[in-house]
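New to this one? Here's a quick briefing to read alongside the sequence and the 3D view.

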Amino acid sequence: MADTMRSFQGKGVYGAVAVGTAHVFRRQEAQVRRIRVDDKAAELERLEAAKAKAAEQLSGIYEKALKEVGETNAQIFEIHMMMIEDDDYNDFIKGIIDTQSVNAEYAVAVASDNFAEMFSSMDDPYMQARSADVRDISNRLIACLSDTEQAEQSADGCMIVCADDLAPSETVSLDKDKVLAFVTAFGSSNSHTAILARNMNIPAVIGIGEGFLSELHDGVRLVVDGHTGTVIIDPDEETVKQYLEKQREDAHKKVLLQQLKGKENITKDGRSVKIFANIGGVDGIGAVLANDAGGIGLFRSEFLYLESTDFPDEEQQFRAYKKVLESMAGKKVIIRTLDIGADKQIDYFGLDKEENPALGLRAVRICLTRPEIFRTQLRALYRASVYGNLGIMFPMITSVSEVEKCLAACEQAKSELAAEGVPFSDSVETGIMIETPAAAVISDRLAEIVDFFSVGTNDLTQYTLACDRQNAKLEPFIDTHHEAILRLIELAAKNAHEHGAWIGICGELAADLSLTETFLRMGIDELSVSAPFVLPLREKVRNLYLK
Ligand code: PEP
Ligand code: MG
């Protein structure tokens, strides 16, 4: 091992390997000075001109993002455009210019600190992440005011970009052909930057820690392993050889897996299983089709709400569902109704703060207590149903009566549409997620009233083992293969089949290849995984012999 070789551990956001030279991304943070001004009106005019320029830049970035990372991910830049026009933010800036008679750059910098601070002190991780967005738009405004270029043009060359953190606009501005990977000291897997990275297919490691950056200088050689989250500074030749080999293996595996496209998911002894994919928005369809998934087993519809600043109306939702159904051309598309609450909080829902949000008012509980929200979604879903093969699925079910209420709401939506002469399909399947032990235990009764089950192993694990899935410290206590979880799945599978329903798994465990055989032996009919796992799972299934 070379003396200078050092290894760091972060979190892999996109699984691939890169070997290259480091480029330390230095943001050209404008040095803002406080200058007293006599002509406040002139400062306000400068501010308006800078806002117009920033909006023009953002619309260019939005168009670029739209092409590269799809509509859902590009929406962050639309949000930036809105933030620049936000009344509170603008009133704050203008108030400082007016009361302190100072230059606009200084007023924007103060507003940036204030609003960023406010967001980062919020409990909700989604709102905390908005702190970076306020800084991002404020830096842009200051750059426009001082007529300097923003840092996004500086990250070029065929390099591994290393930064404290990358704002969404910086991430998307990176030239994909020149950037081999990126590594950030901070960042969370919840952040838009991490989501964009996955969609840009750039190997990425986040949360590597500040120590990493202090040991780094431009041009030093790096190895980035997005699978494991390991980053090595100044690797010796032997290490480089190992990782280049890993890179070749990845590439080879990808080529081999491509040959499985169009093939059946059938075991050696003839048992066939459906392999579907999970998506969070319309822009996930590209990956679903590219990986030859047989359908969509889970469309997490709450992302439509999370990415919006207000309730998406019936028309907006209808368009999104229609697009997914049409793109899947008759293949099954299971759309889960709103699963908000717990770790997915949205300000405009105005939900009360709860002591134990994972055990609180979430998912279907919100839909049943706020019927107007549920009604809008169900109407949009049924209207879209004529464009493909739709399944509607309800999350967080614990009782028969909840399911009956959900089904009654479906009937209500259908009769309204019928009365209005709006067409809908009469072959929409309805199903529920099995993600509470209660649902698994009474799955015989539930199977009698729905068409299908889909096991949400992420929540089923947290509720069965009493381990908060958000709490990293519980990692050592979480045994995802725990016998209790497997028994509950087995029970649900048996009950589903005995009472006329089919059963799938759409939680992360569906992609755990060490359990594929166990699941198939239980009689699981469908496995729904994130798109890159479809072909590896197909390979696994085709190599199994169950008899
Ligand atoms: C699950 O709980 O396993 C699931 C698929 O739902 P989510 O991860 O969105 O809670
Ligand atoms: Mg869940």
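A quick word on classes: Ala, Val, Leu, Ile, Met, Phe, Trp, Tyr, Cys and Pro count as nonpolar, Asp, Glu, Lys and Arg as charged, and the others, Gly among them, as polar. With that in hand, the shell around ligand 1 breaks down into 7 charged, 4 polar and 3 nonpolar residues. Keep in mind that you're looking at a predicted model.

**Who surrounds the ligand**

- There are 14 residues around ligand 1, and the ones that come nearest are Arg-300, Arg-336, Gly-456, Asn-458 and Arg-469.
- Two elements, β10 (295-300) and α17 (457-465), each give the shell around ligand 1 at least two residues.
- Helix α17 supplies the largest share of that shell, with 3 residues.

**Polar contacts and burial**

- The side chain of Lys-344 has an N or O atom 3.3 Å from an oxygen atom of ligand 1.
- Backbone atoms join in too: a polar one of Thr-457 sits 3.0 Å from an oxygen atom of ligand 1, and an N or O atom in the backbone of Asp-459 also lies 3.0 Å from a ligand 1 oxygen.
- On its own, ligand 1 would expose 290 Å², but the protein buries 98% of that.
- The largest cavity is the space that ligand 1 takes up.

**Aromatic pairs**

- You'll find 12 aromatic pairs in the structure.
- One of them is Tyr-305 with Phe-349, a tilted pair with ring centres 6.0 Å apart and 55° between the planes.
- This pair links distant parts of the chain, 44 residues apart: Tyr-305 belongs to helix α10 (residues 302-306), while Phe-349 is in the loop between β11 (332-336) and α12 (364-369).

Conventions
Residues are numbered from 1 along each chain as its sequence is written. Chains are lettered from A and ligands numbered from 1 in the order in which they are written. This is a predicted model: local features need pLDDT of at least 70, side-chain atom pairs count only at pLDDT 80 or more; totals for chains, interfaces and linings use all residues. Side-chain values use heavy atoms; hydrogens and water are left out. A residue is near a molecule or strand if one of its heavy atoms lies within 4 Å of it. A polar contact is a pair of N or O atoms within 3.5 Å; within protein, one must be able to donate a hydrogen and the other to accept it, and residues adjacent in sequence count only if both atoms are side-chain atoms. Accessible areas come from the Shrake-Rupley method with a 1.4 Å probe; for residues, only the protein chains shown count as cover. On a 1 Å grid over the protein atoms alone, a cavity is a set of points where a 1.4 Å probe fits but cannot get out, and a pocket is an open set with protein on both sides within 12 Å along at least five of seven lines; lining residues have an atom within 4 Å of a point. A molecule sits in a cavity or pocket if more than half of its atoms lie within 2 Å of its grid points. Helices (H or I, at least four residues) and strands (E, at least two) are DSSP runs, numbered from the N terminus. Rings of Phe, Tyr and Trp (its six-membered ring) pair if their centres lie within 6.5 Å; planes under 30 degrees apart count as stacked, over 60 as edge-to-face and the rest as tilted.
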